[in-house]
Amino acid sequence: MLRKLLMAGLLCASLAMAQGGSSGGGRGRGGGAGEMDPRAGGPPSSNRFENIANFLSLNKDQRKTVRTILDEDAKEAAPIREQMSKSRIAVGEAIVANKSEAELKQVAKTASDLDVQISQIEIKAFVHTYAALDPIQKKDMRGLGQALALMNGMYHIKNWTEE
């Protein structure tokens, strides 16, 4: 019984972490509300795309290209995100129904497999975004790191542009 409780606790904790934060805090996504955006000269925008564009110093043409990349990948991620919601409900139902450890593992594996698929789409979006940069922008490790942090988990929510 203790083993089942520990498994359920770990599963719930991992699902909560996979949900992404909705508070205004940092969590590696561009900092807290009090931080300033060094490139824009002001506080970060609540629009994820604008923050990514600012961190990467994108010009007008690059903004269009990157926006297209991110929008297309968001469309690819949408059905998986919906499956993730259903999968999380299934995990909760399995725990409440006191399913066996093997059944819990299978439900949890399904949930984690979907999370991996979303992460792969986010990584692909970053790679394509990186390819759209000029050589000087590609050398800006700080901007790349901040953009990557913003892109981490962005397709876990319906409107990916919001923080």
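Read along the sequence, this protein chain runs α-α-α-α-α-α. That comes to six helices and zero strands. What you have on screen is a predicted model. The chain has 163 residues, and 33% of them are buried. On contacts: taking those with a sequence separation of 6 or more, 69% are between residues 24 or more positions apart.

I'll start with helix H2, then go through its partners.

H2 covers residues 48-56. How many of its nine residues are buried? Eight of the nine are, so H2 is largely enclosed by the rest of the structure. The buried ones are Arg48, Phe49, Asn51, Ile52, Ala53, Asn54, Phe55 and Leu56. That list has an arginine and two asparagines in it, namely Arg48, Asn51 and Asn54. The cover over the buried residues of H2 includes H3, H4, H6 and helix H5, which is residues 135-138.

Take the H6 side of that. Two packed helices are described by the angle between their axes and the distance between the axes. For H2 and H6, the latter being residues 141-151, the angle is about 165° and the axes are 8 Å apart. The cut-off for roughly antiparallel is over 145 degrees, so H2 is roughly antiparallel to H6. The crossing of this pair is left-handed. From H2, the contact uses Arg48, Asn51, Ile52, Phe55 and Leu56. From H6, the contact uses Gly143, Leu144, Gln146, Ala147, Leu150 and Met151. By type, the residues in this contact are seven nonpolar, three polar and one charged.

One residue on the H6 side is worth a separate look, and that is Gly143. Gly143 sits in H6 and is buried, with a relative accessible area of 0%. Its C-alpha atom is 9.5 Å from the C-alpha atom of Ala53, and the two residues are 90 apart along the chain. Ala53 is itself among the buried residues of H2.

Now the H3 side. H2 and H3 pack at about 135°, with 11 Å between their axes. That angle makes H2 oblique to H3. The crossing of H2 and H3 is right-handed. The H2 residues involved are Phe49, Glu50, Ile52, Ala53 and Asn54, and they meet Arg63, Val66, Arg67 and Leu70 of H3. The split in this contact is five nonpolar, one polar and three charged. Ile52 is named in the H3 contact and also in the H6 contact.

Next, H3 against H4. H3 is residues 60-96, and H4 is residues 101-131. Their axes come within 9 Å and cross at roughly 170°. H3 and H4 are therefore roughly antiparallel to each other. The residues of this contact divide into 18 nonpolar, six polar and five charged.

As an example from H3, consider Ser87. Is Ser87 buried or exposed? At 7% relative accessibility, Ser87 counts as buried. Setting aside neighbours within four places in sequence, Ser87 touches Val107, Thr110, Ala111 and Leu114.

That brings me to the nonpolar core. The largest one has 26 residues. Which members touch the most other members? They are Ile52, Leu56, Leu70, Met151, Met154, Tyr155 and Trp160. H2, H3, H4 and H6 each supply at least two residues of this core. The largest share, seven residues, comes from H3.

Leu70 shows how the parts meet. Again leaving out neighbours within four places, Leu70 is in contact with Phe49, Ile52, Ala125, Thr129, Met151, Met154, Tyr155 and Trp160. Among the residues it touches, Ile52, Met151, Met154, Tyr155 and Trp160 are also on the list of core members with the most contacts to other members.

Last, two loop residues for anyone checking backbone torsions. Ser57 lies in the loop between H2 and H3. Ser57 has a positive phi of about 55°, although it is not a glycine. Its relative accessible area is 42%, which means Ser57 is partly exposed. Asn98 lies in the loop between H3 and H4. Phi of Asn98 is near 55°, a positive value in a residue other than glycine. Asn98 is partly exposed, at a relative accessible area of 46%.

To recap: H2 is largely enclosed, with eight of its nine residues buried. H2 is roughly antiparallel to H6 and oblique to H3. H3 gives the largest share of the core.

Key: Residues are numbered from 1 along each chain as its sequence is written. This is a predicted model: local features need pLDDT of at least 70, side-chain atom pairs count only at pLDDT 80 or more; totals for chains, interfaces and linings use all residues. Side-chain values use heavy atoms; hydrogens and water are left out. Axes are lines fitted to C-alpha atoms, for helices over the stretch in contact, and angles run from 0 to 180 degrees between N-to-C directions. Helices (H or I, at least four residues) and strands (E, at least two) are DSSP runs, numbered from the N terminus. Angles under 35 degrees count as roughly parallel, over 145 as roughly antiparallel, 65 to 115 as roughly perpendicular and the rest as oblique. A crossing is left-handed if the near helix is turned anticlockwise from the far one by less than a right angle, and right-handed if clockwise. Contact means heavy atoms within 4.5 Å. Ala, Val, Leu, Ile, Met, Phe, Trp, Tyr, Cys and Pro count as nonpolar, Asp, Glu, Lys and Arg as charged, and the others, Gly among them, as polar. Buried means under 20% relative accessible area, exposed over 50%, partly exposed in between (1.4 Å probe, protein chains only). A nonpolar core is a set of buried Ala, Val, Leu, Ile, Met, Phe, Trp, Tyr and Cys residues joined through side-chain atoms within 4.5 Å.
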